[in-house]
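Subject: Handing over a structure, with notes

Dear colleague,

Please find below the structure that I am passing on to you. My notes on what was found in it follow directly after.

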Amino acid sequence: MTTQQVLSFSIIGGAILCFAWGRFRYDLVSLVALLVGLVVGVVPAKTAFSGFTSDVVIIIASALVVSAGIARSGVIEWAIRPVTARLKRPRSQVPVMAGATAMLSIFTKNVGALAILMPVALRMGREKESSPTSLLMPMSFMSLLGGLVTLVGTSTNIIVSQVREQTLGQPFHMFDFAPVGLVLTLFGLVFVSFGWRLLPRDRQGRAALGEVTAAAPYSTEARIADTLPSTLQTVADLKLDDDGVKPLALILPDGARQSPTPDMRLVAGATLILEGDDAALDRALARLPLSSERDKASLEKESAAEETRTVEAVIQPNSQLIGETAERARMQERYGVQLLGIARNRERITDRMRDVRLRAGDMLVLRAGETALPDTMANLGLLPLAERSVRIGDQRGRWLPVLILAVAMLLLALRVVPVATAFFGAAVMMVVVGALSMREAIESLEPEVLILIGALTPLSEAVRQTGGTDLVAHLLVGQLHGLAPMLALGAIMIVAMACSPFLHNAPTVLVLGPIAVSVAKGLGLGPDAFLMAVATGAGCDFLTPIGHQCNTLVMGPGGYRFGDYWRLGLPLSFLVILVGTPMIAWVWQLGI
């Protein structure tokens, strides 16, 4: 073993120990490992930062932005609402929600797909005979399996494609993963549709601070359009209950106020006072011919390029707004702040927002230019709540994100452009058409994952360049020699599956991918099959909440404990190995 090999193995081994220890952040460990590699000369300075400009980082970052744009549009939730409204028990909820999560994970990044559908599952879980515990883990596991179907569904597929390009000269294409991924997804869906019964049923999920504030009901006003379709003639026709919204008052154009009843006729140009949480109001305003305060006068901003923000704030006891109305305080004219909604403890607001006399403790939904917002909040004596996206009345083009994604997928299917180009273009267009603001696009990124991959990529390449990969492969070939090819392939998948919970799935592929190629060549077997086994194993961490972000995401809301994951995950892992190994061998010609 050469000095360079000893150094490269020491750096990678040290990083692996730190990952497994869990004392330090993954991204910090990877950056320190890259720095050490630079200092000792294992990583050449010329290529030290090549990982941050690689197609892998571009594809993952772009896929996250595209997923955020799809989530922000609300289209997916709107599309499945007619089905989910009829589902009352886990035996019907689990197959539908897990299947929807898997399907969405095929076209967007799996963690984004799960985040889109989690609010729907949490609402369903509040039903008398249901529970988030029964729904969220099956959805998480199916997001992992659905992500195996396409190149962009999961980071492991993207990284293994890069490993193939580095070692064999050509990357995998967008749908090369589909034959194996679709079969595993189908088997997995059948299993979780019955296997959810293995999960504990006495757990209570923990709501995040943002979820608590998001559930607070607001009163807002919406103007009825001048022209109404024939199907919308009465208050009952609006079906506001389906969205979780209550009509509190109908204010006619002449100022007369009426208490709405189901058979009350809608009047064009009249104003409805509505109450509901942010998501409920957003669904109703997006679905119906109603316009919110957001759609009225435009806000003054310091520059045309400045973005607007919608936030929640509480009126403090020393606020100058106490005793004033929005109209008398001239909030928009004097301060450039638009009032979108009001919430008051134990009292419903039935007046026009401009006429409500404000009190200390009132919660306001405000919209303003982001530059002036901090000073305005301080001057008005308002205390901002936990930062989150408030969407009341945001009428951005809801179908444009879906159209952008569809065009990108079509270009990839026809192999007109590379994957990185297609998804980078789609991410940029999400911002151009207003599906996301630039700030929202940046916030959708997962910098710790991007840094992890960018820093470890040159280290992985250094191990290969120094001959370390061939050295490890030679040792493994000696151990696997004489085994049936199918058993050798299964052994590689099991190793990847075992490493993923401790190393994170990205480092697992970066380290094991090149080794798998060398092992395959040493055994005289097809390297593509071994790369697919690594990608599949690393992408299927069903045993812990820490190996993949999806499992971590559902742990709190589902009320899960660390040991709960193996109940559903262990049999599912065996199923993936038993079904996935022969499928990979058959599709990717293991013996050639």
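I begin with Arg415, which counts as exposed because its relative accessibility is 54%, where the cut-off for that class is over 50%. Please keep in mind throughout that this is a predicted model. Arg415 sits in the loop between helix 15 and helix 16, and although it is not a glycine, its phi is positive, at about 55 degrees. Lys239 is another residue that is not a glycine and yet has a positive phi, here of about 50 degrees, and Lys239 belongs to the loop between strand 1 and strand 2 (246-251).

The loop of Arg415 leads on to helix 16. Helix 16 (residues 419-432) has 14 residues, which at 1.5 Å a residue should span 20 Å, and this agrees with its end C-alpha atoms, which are 20 Å apart. Its buried residues are Val419, Ala420, Ala422, Phe423, Ala426, Ala427 and Met430, and the elements that cover them include helix 3 (55-73), helix 5 (90-107) and helix 15 (400-413). After helix 16 comes Gly434, with a positive phi near 90 degrees.

Helix 3, one of the elements that cover those residues, is itself largely enclosed by the rest of the structure, because 16 of its 19 residues are buried. The end C-alpha atoms of helix 3 are 27 Å apart, in agreement with the 27 Å that its 19 residues should span at 1.5 Å a residue. Gly74, just after helix 3, takes a positive phi of about 75 degrees.

Turning to the strands, strand 1 (residues 218-224) is largely enclosed by the rest of the structure, since six of its seven residues are buried. Which strands does strand 1 run antiparallel to? With strand 4 (residues 271-276), strand 1 is joined by six bridges, and the two run antiparallel; within this pairing, Thr220 has Leu274 as its bridge partner. With strand 5 (residues 290-292), strand 1 is joined by three bridges, again in an antiparallel arrangement, and here Ala222 has Ser292 as its bridge partner.

The salt bridges bring these strands up once more. By the rule used, the count comes to twelve salt bridges. Among them is the one between Glu221 and Arg352, in which the closest N and O atoms are 3.0 Å apart. This pair links distant parts of the chain, with Glu221 in strand 1 and Arg352 in the loop between strand 7 (338-343) and strand 8 (363-369), 131 residues apart. Are the partners buried or exposed? Glu221 counts as buried because its relative accessibility is 3%, and Arg352 likewise counts as buried, at 14% relative accessibility.

A salt bridge is also formed by Glu275 and Arg348, whose closest N and O atoms are 3.2 Å apart. Because Glu275 lies in strand 4 and Arg348 in the loop between strand 7 and strand 8, this pair ties together parts that are 73 residues apart in sequence. Glu275 counts as buried, at 11% relative accessibility, whereas Arg348 is partly exposed, with a relative accessible area of 45%.

Asp564 and Arg567 form a further salt bridge, with 4.0 Å between the closest N and O atoms. Asp564 counts as buried, with a relative accessibility of 3%, while Arg567 counts as partly exposed, at 32%. Elsewhere, Arg344, Glu347, Arg359 and Asp362 are joined into one network by salt bridges that share partners.

There is also a nonpolar patch on the surface, formed by Trp21, Phe24, Leu28, Val32, Leu35, Val36, Val39 and Val40, which together have about 760 Å² of accessible area. Helix 2 (residues 26-40) gives the largest share of the nonpolar patch, with six residues. Val32 has its place in helix 2 and is partly exposed, with a relative accessible area of 43%.

Finally, a word on Pro507, which is found in helix 21 (residues 505-523) and counts as buried, at 2% relative accessibility. Its neighbours within four places in sequence aside, Pro507 is in contact with Phe19, Leu452 and Leu456. From the C-alpha atom of Pro507 to that of Leu290 the separation is 50 Å, the two residues being 217 apart along the chain.

With best wishes

Note on methods
Residues numbered from 1 in each chain as written. Predicted model: local features only at pLDDT ≥ 70, side-chain atom pairs only at ≥ 80, totals over all residues. Heavy atoms only, no water. Buried < 20%, exposed > 50% of the residue type's maximum accessible area, 1.4 Å probe, protein only. Helix = DSSP H or I, 4+ residues; strand = E, 2+ residues; numbered from the N terminus. Pairing = 2+ DSSP bridges. Contact = heavy atoms within 4.5 Å. Expected span 1.5 Å × (residues − 1). Patch = residues over 30% accessible without salt bridge, like charges linked within 9 Å, V, L, I, M, F, W, Y side chains within 5 Å. Areas by Shrake-Rupley, 256 points an atom, 1.4 Å probe, with all protein chains shown as cover. Salt bridge = Lys/Arg side-chain N within 4 Å of Asp/Glu carboxyl O.
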